[in-house]
Amino acid sequence: MSGLRRYIETPPRLLSDDAHAFRAPLASDVRSVCPALNTMANHGYMLPRSGRDITIPQLITGLRTCYGLSAALAFLLSVGGMLITGHFWSSDLYHIGRHNRIEHDASLVHLDTPLGERYGPIAIQKDLVEALKDDVRGEEGKVANDDDFARMRIRREKETGHVPLPSVRDAFARAEAASILEVFGEIRPGEEAERNVAVERLVSFLGEERLPDGWKPDHVNTLRDTLKRSGQLKKVMDAMRKDSEQVD
């Protein structure tokens, strides 16, 4: 555990931009259902670009360096993710997508897992990426906020027949959306309680699994931040569902 503690307590070491240039996966590389991990591998953030034999220390360091996560949040996601998906120390990215562990149906950009399959589909559906754009109302469809992400989640649940997702899967799905808002979102003057994500950033991350051009983390994202944003999304989604029921 001393080696793992060192990875948690030591500030992440930044490499040159050239070392983190985007490179699409090769035919021999493996990827997962998780855009965050795939993006890290595509940019070489502490993960082997092959996506194979990813260790917990690599995940912790990569999450902190690439996305600016706090040490505690990076540790929780890395260790918890490995254990929940049935691994102790290391795994290929693909195996992290074990169905109904962390991976869930009603994904924003992936199809549901076919009956009997153990792992979720990793192919990004371009029509679903385009549908995300249509859900965005802010600034003439250029900026997504809490309401827009809530709208995305509700639409996908309806499209896939999961209304709503089981409670644990629902919590994971909201946490994913909350993380995108917290990591890539910007705070506007007078809107300190809200983060707004440029649609071009959203498409780059979810649709191409690459970091937005010129983007770098400018703040530390904590577990408290993510839980608070997830709770806010739940309130918005519940209100939207209630309004929809009254209209129906």
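Start by selecting Phe184 and Phe205: both side chains belong to buried residues. Keep in mind as you go that this is a predicted model. For Phe205, the relative accessibility is 4%, so it counts as buried, the cut-off being under 20%.

Now show the two rings together. Phe184 and Phe205 make a tilted aromatic pair, with 4.9 Å from centre to centre and 50 degrees between the planes. Colour the helices and you will see where each partner sits: Phe184 is in helix α7 (residues 167-184) and Phe205 is in helix α8, so this pair ties together parts that are 21 residues apart in sequence.

How many aromatic pairs does a search of the whole structure find? There are 5. For another of them, keep Phe205 selected and add Tyr67. Their ring centres are 6.3 Å apart and the planes stand at 85 degrees, so this pair is edge-to-face; the angle is over the 60 degrees needed for that label. Follow the backbone from each ring: Tyr67 belongs to helix α3 (residues 56-67) and Phe205 to helix α8 (residues 199-208), so the pair ties together parts 138 residues apart in sequence. Is Tyr67 buried or exposed? With a relative accessibility of 6%, Tyr67 counts as buried.

Next, add Trp215 to the selection. Ring pairs join Tyr67, Phe184, Phe205 and Trp215 into a cluster, and this is a good view to save before moving on.

For a ring with a charged partner, go to Phe22 and Arg210. Arg210 lies over the face of Phe22, 4.1 Å from the ring centre. Turn the view until you look at the ring edge-on, and the placement of Arg210 over the face should be easy to follow.

Then return to helix α7, where you will find Asp170. This residue has a relative accessibility of 11%, so Asp170 counts as buried. Which residues is Asp170 in contact with, leaving aside neighbours within four places in sequence? Select Glu157, Leu165 and Met237 to display them around Asp170.

Finish on the outside. Switch on the surface and select Leu76, Leu223 and Leu227, which form a nonpolar patch there. Together these three leucines have about 270 Å² of accessible area. To place one of them in the fold, pick Leu76, which is in helix α4 (residues 71-84). Its relative accessible area is 43%, so Leu76 is partly exposed.

Terms used: Residues numbered from 1 in each chain as written. Predicted model: local features only at pLDDT ≥ 70, side-chain atom pairs only at ≥ 80, totals over all residues. Heavy atoms only, no water. Phe/Tyr/Trp six-rings, centres within 6.5 Å; stacked < 30°, edge-to-face > 60°. Helix = DSSP H or I, 4+ residues; strand = E, 2+ residues; numbered from the N terminus. Buried < 20%, exposed > 50% of the residue type's maximum accessible area, 1.4 Å probe, protein only. Lys NZ or Arg CZ within 6 Å of the ring centre and 35° of its normal. Contact = heavy atoms within 4.5 Å. Patch = residues over 30% accessible without salt bridge, like charges linked within 9 Å, V, L, I, M, F, W, Y side chains within 5 Å. Areas by Shrake-Rupley, 256 points an atom, 1.4 Å probe, with all protein chains shown as cover. Salt bridge = Lys/Arg side-chain N within 4 Å of Asp/Glu carboxyl O.
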